[in-house]
Amino acid sequence: MKSLKTLGQFIIEKQADFPYAKGELSRLLRDIGIAAKIVNREINKAGLIDDILGRTGDTNVFGESQKKLDVYADEQFIAALKSGGECCFVASEEQEEGIELVDSGISKNAKYIVCIDPLDGSSNIEVNVSVGTIFSIYRRKSAVGEQLTQEDVLQCGLDQVAAGYIIYGSSTMLVYTTGKGVNGFTLDPSIGEFCLSHPNMKIPETGQIYSINEGNYLKFPQGIKNYIKYCQEVDPESKRPYTSRYIGSMVADIHRNLLLGGVFIYPQTALQPNGKLRLMYECNPLAFIIEQAGGKASTGTERILEIIPEELHQRVPAIIGNTEMVDKVLEFIANSKTISYV
Ligand code: AHG
Ligand code: MN
Ligand code: MN
């Protein structure tokens with residue numbers, strides 16, 4: 001029988017890659033893994049619990065209606081980060097202001113900043129479609145004991161020390177990187193452990209899947225419209241027409257493309273000049289993972305990981321996938337003389 005390696009064992013083994021590591025990042029990843037299991041438990045039985053499905057009646061920072069599970073997941077991850085003691089600041093999609101944890105005793109020497117989308121794709125919850133959690137981890141730049149600054153909180157994606165996602169799908173997986181490749185773990189519910197199932201993940205070099213919300217077609221920039229038409233053309237040599245797949249949970253679309261090859265696009269539109277997706281806890285972590293797996297992530301004009309953030313909830317256009325397909329989209333953008341939307 002194949003021996004199982006749990007996430008906990010793997011994290012400890014990998015600590016040796018960082019000779020001066022004191023185990024703090026390992027503990028932080030472990031804390032996130034524990035919260036993920038609690039959230040997974042609730043998501044799995046959501047249909048059974050009176051009242052957990054559905055809206056809270058409140059809206060989040062973006063004026064988007066909050067689902068009860070959005071709030072539940074947010075509370076669970078923040079509680080795990082608070083009690084774990086390794087996180088000094090957490091920025092969440094569900095909280096307008098970031099939360100400083102340094103005053104809470106146990107976290108007073110904490111060195112890490114976490115940006116998190118606690119529940120990604122939450123509009124899919126009610127219809128039993130995959131949702132996820134996305135997280136990004138930075139090391140504070142200021143010394144422990146000093147006041148946290150803007151430079152600590154608004155770091156560029158290249159400074160991420162780790163990033164990952166959990167997909168609550170037909171099985172639940174945790175995928176993460178610390179900048180030395182990407183590894184995926186599947187939750188074995190019988191033992192309650194994430195077990196290494198996808199070591200050293202690499203995105204295929206070619207792909208035939210494009211993921212974009214085509215309902216917004218009329219509002220897309222001309223280059224994106226042209227690319228969509230290119231995907232739909234018949235050309236056996238390049239295996240076109242490509243397949244269109246769009247789940248509406250970014251985590252699930254990116255996860256599928258990571259395994260099969262493909263490109264995920266959420267462009268700017270006439271109505272949303274910076275697109276919809278958030279830099280700090282959606283695009284940066286997924287860009288880091290996809291780059292680590294051999295792919296590419298761009299806004300259409302610049303590498304996502306090189307953006308210097310100006311605010312916590314900043315939005316950016318996103319084109320993320322295997323390098324060949326992303327480059328093709330960029331070629332269409334560059335060749336369209338105008339970014340006009342009609
Ligand atoms: P969230 O549920 O965290 O707000 O994220 C939803 C995001 C992303 O996961 C998904 O790809 C996208 O919104 C879907 O947006 P559209 O419905 O506009 O296509
Ligand atoms: Mn999201
Ligand atoms: Mn969310």
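**Close-ups of a predicted model**

In strand 15, Ile320 is the bridge partner of Phe264. Everything shown in these views comes from a predicted model, so keep that in mind as you look around.

**View 1. Strand 15 and its partner, strand 13.** Start with the pair of strands that holds the bridge between Phe264 and Ile320. Strand 13 covers residues 263–266, and it pairs with strand 15 in the antiparallel sense. Count the bridges between strand 13 and strand 15 and you should get four.

**View 2. Strand 15 and strand 14.** Now look at strand 14, residues 296–298, which also pairs with strand 15 in the antiparallel sense. Here there are three bridges. To find your way, look for Ser298, which stands opposite Ile319 of strand 15.

**View 3. Two covered faces.** Strand 15 runs through residues 318–321, and both of its faces are covered. On one side you'll find Ala318 and Ile320, on the other Ile319 and Gly321, and all of them are buried.

**View 4. Grabbing a manganese ion.** Next stop: the manganese ion (ligand 2), with Asp117, Asp120 and Glu282 as its protein donors. The two Asp residues each use OD and Glu282 uses OE, at 1.9 to 2.1 Å from the ion. Along the chain, the donors follow the spacing D-x2-D-x161-E.

**View 5. One Asp, two ions.** Asp117 bridges the manganese ion (ligand 2) and the manganese ion (ligand 3), and these ions lie 3.7 Å apart. Is Asp117 buried or exposed? Asp117 is buried, because its relative accessible area is just 1%, under the 20% cut-off. Asp120 counts as buried too, at 5% relative accessibility.

Note on methods
Residues are numbered from 1 along each chain as its sequence is written. Chains are lettered from A and ligands numbered from 1 in the order in which they are written. This is a predicted model: local features need pLDDT of at least 70, side-chain atom pairs count only at pLDDT 80 or more; totals for chains, interfaces and linings use all residues. Side-chain values use heavy atoms; hydrogens and water are left out. Donors are N, O and S atoms within 2.8 Å of the metal (3.2 Å for Na, K and Ca); water is not among the atoms, so sites may look incomplete. Buried means under 20% relative accessible area, exposed over 50%, partly exposed in between (1.4 Å probe, protein chains only). Two strands pair if DSSP finds at least two bridges between them.
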